[in-house]
Amino acid sequence: MITISSKKNKYTYNVYHLVKSFFPNEEIIQKVDEKQEPLTVVDMPGGSCFSIAPGEVEGSLEAKNPGSSYSSEEEWQQAVKKELTRRLYQVLSDDTGRQLAWGTLTGVRPTKMAMKRLDAGMTPEETAEELMGEYFVSPKKARLACEVAQRERELLSRLNGPGGFSLYVGIPFCPSVCSYCSFSSSPIEMWKSRVDDYLDALTKEIRALGELTGGHKPDTVYIGGGTPTTLEPEQIHRLLDTVGEAFDLSGVLEYTVEAGRPDSITKEKLAAIRDYPVTRISVNPQTMQQKTLDLVGRRHTVEQTVSAFHLAREMGFDNINMDLIAGLPGETVEDMQDTLSKVEALRPDSLTVHALAIKRAARFGQEGRTANLHHEISGMVEEAYARARRMGLVPYYLYRQKNIAGNFENVGYAELDKAGIYNILIMEEKQTILAAGAGASTKILLREPIRREGGKEANLVRVENVKNIEEYIARIDEMIERKRHMAYHYAAGNTADR
């Protein structure tokens, strides 16, 4: 067991996730004690202890930047937190003999840091050097962050900028719920009698969002979930008809429908989707190992994945994404190699590879494995990177989850003209995203940042829909009114003055 005690709450996030990355299988207890003298105390396995006093950090900052001044208390505190994190990383690295791929970076969007520096005029080489020197990021990951950030900047330049918007629509149903899933979804069989009621509420919200935008055109549309193809063909028509009626889609750069689970895909449903200007779909196996599919509750076969993919190709879909997860229970690097070989034979246009978060993996038995899970996921991620390159797919977006073993990342690879623009928007927060459906989160990008409690500035506000399907249906008018209020309060989500 590891105990962490911090003097201020603002230190806890970085300290906890850094320690968790080095000791993924250890139980961690943390507290905040404002009366203690050290900024942070970490009691580690084996009896070693890390403790750092305010004077030590201040001395380090003065030595690195003699005579430097800080424009605000918030800026000073950020510098203290960064230096504390650096010192802790060095101690943990020395203590374990390990280095983390992403160094001290604990957030979910490492490319934001690279993009910020590129936007400020730094070269990719200068940016990579800073990531390596200031944050101990490995050379390979620093170059990857810069490569992805450059590609994201080029793709985002095609959009209507901060004044534009994108649309997300959520379908919270799946054929079955996978045991590793953390999304808001429910088995379709439980809700068969209420799907039309859900669509009543959803289409009402979509129309209201269309009114809020004043006829302006979305840059991208994303129908996700859940699994949208749990809907019947006539329900798909009803949903996509509503989207087309509520929004002018003539300028849409990308229109995605997550077909998702192979066991939900039929010729009739794909034909329904083809009736609309959909440009991109997903056929997501997560793995091509039948033993794993059975174990995690994905009630389909490898053969169904192959058949669904070929059917989509036959029906004219020329931009198909596939998702894989590295680190599913019982899988080895050899299993991932076999999965990647099967996927390579299909030649998808894009491939997203997720590294499974350790704490989720433990829920279905990873804790009983004797192999080194960190080493296995590292091998899987590296194999996926090499195989994607061989398939002609390049990395175009990158994000991370909390508690990923070894501080790994999730990467989207695509052919140069088949990258998922909406995926980048979700990560980089460069545009308003209007979202409809149970559990959907609208993100309104602000013209001017607002100051939150504690002095921190924020450039977007979130408007969350309730996750519970019954509540969403019953409270749809409340969900719509909440968005109207927020949109008008924050200048119509930046969409009214285009």
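This is a short walk through the structure above, one selection at a time.

**Whole chain**

Start with everything shown as cartoon, and keep in mind that this is a predicted model. The protein chain holds 18 helices and 17 strands. Of its 498 residues, 55% count as buried. Contacts here reach a long way along the sequence: among those with a separation of 6 or more, 75% link residues 24 or more positions apart.

**Stop 1: the four-stranded sheet at the N-terminal end**

Select E1 to E4. They form an open sheet in the order E2-E1-E3-E4, with mixed pairing. At the edges sit strand E2 (28-32) and strand E4 (49-52), each pairing on one side only. From one strand to the next, the twist averages 10°.

Now zoom in on strand E1 (residues 2-6). E1 runs parallel to E2, and 5 bridges join the two. To see one spot in that pairing, pick Thr3 and look across to Ile29 in E2, which stands opposite.

Next, add helix H3 (residues 73-96). H3 lies across strand E3 (40-43) and E4, and runs at about 155° to E4. While you have H3 on screen, click on Thr85, which lies in this helix. Is Thr85 buried or exposed? Its relative accessible area is 4%, so Thr85 is buried. Show the residues around Thr85 and, leaving aside neighbours within four places in sequence, you'll find Asn14, Leu18 and Thr104 in contact with it.

**Stop 2: a lysine tucked into H6**

Move on to helix H6 (residues 139-156) and select Lys141. With a relative accessible area of 6%, Lys141 is buried. What does Lys141 contact beyond its neighbours within four places in sequence? The list is Ala101, Trp102, Val381, Glu382 and Glu409. Try a distance between C-alpha atoms as well: Lys141 and Ala101 are 40 residues apart along the chain, yet their C-alpha atoms are separated by 6.5 Å.

**Stop 3: helix H9 and the loop before it**

Select residues 233-246 for helix H9. This helix has 14 residues and reaches 20 Å from its first C-alpha to its last, close to the 20 Å expected at 1.5 Å a residue. Turn on side chains for Pro233, Gln235, Ile236, Leu239, Leu240, Thr242 and Val243, which are the buried residues of H9. What do they pack against? Color these elements to see: strand E5 (165-171), helix H8 (195-212), strand E8 (220-225), strand E9 (254-260) and helix H10 (267-274).

Then step back along the chain to Gly226, in the loop between E8 and H9. The peptide bond from Gly225 to Gly226 is cis, with omega near 15°.

**Stop 4: strand E12 and its partners**

Select residues 350-355. In strand E12, 6 of the 6 residues are buried, so the strand is largely enclosed by the rest of the structure. In a regular strand, side chains alternate between the two faces of the sheet. Here both faces are covered: Ser350, Thr352 and His354 are buried on one side, and Leu351, Val353 and Ala355 on the other.

Add the two strands that pair with E12, one after the other. Strand E11 (residues 320-326) runs parallel to E12, joined by 6 bridges, and Met322 has Leu351 of E12 as its bridge partner. Follow the chain from E11 through helix H13 (residues 333-346) to E12, and you trace a right-handed β-α-β crossover. Strand E14 (residues 410-414) pairs with E12 in the antiparallel sense over 4 bridges. For a single contact point there, select Ser350 and its bridge partner in E14, Ala414.

**Stop 5: two loop residues with positive phi**

Go to Gln286, in the loop between strand E10 (280-283) and helix H11 (290-296). Gln286 has a positive phi of about 70° although it is not a glycine. At a relative accessible area of 11%, Gln286 is buried.

Then jump to Glu429, in the loop between helix H16 (421-428) and strand E15 (432-436). Phi of Glu429 is near 55°, again positive in a residue other than glycine. Glu429 counts as buried too, at 13% relative accessibility.

**Last stop: cysteines**

Finish with Cys49 and Cys146. Cys49 is partly exposed, with a relative accessible area of 45%, whereas Cys146 counts as buried at 3%. How many disulfides are there? The count comes to 0, taking a disulfide as a pair of cysteine sulfur atoms within 2.5 Å.

How values were computed:
Residues are numbered from 1 along each chain as its sequence is written. This is a predicted model: local features need pLDDT of at least 70, side-chain atom pairs count only at pLDDT 80 or more; totals for chains, interfaces and linings use all residues. Side-chain values use heavy atoms; hydrogens and water are left out. The expected span of a helix is 1.5 Å times one less than its number of residues. Buried means under 20% relative accessible area, exposed over 50%, partly exposed in between (1.4 Å probe, protein chains only). Contact means heavy atoms within 4.5 Å. Two strands pair if DSSP finds at least two bridges between them. Axes are lines fitted to C-alpha atoms, for helices over the stretch in contact, and angles run from 0 to 180 degrees between N-to-C directions. A crossover is right-handed if, with the strands pointing away from the viewer, the path from the first strand over the helix to the second runs clockwise.
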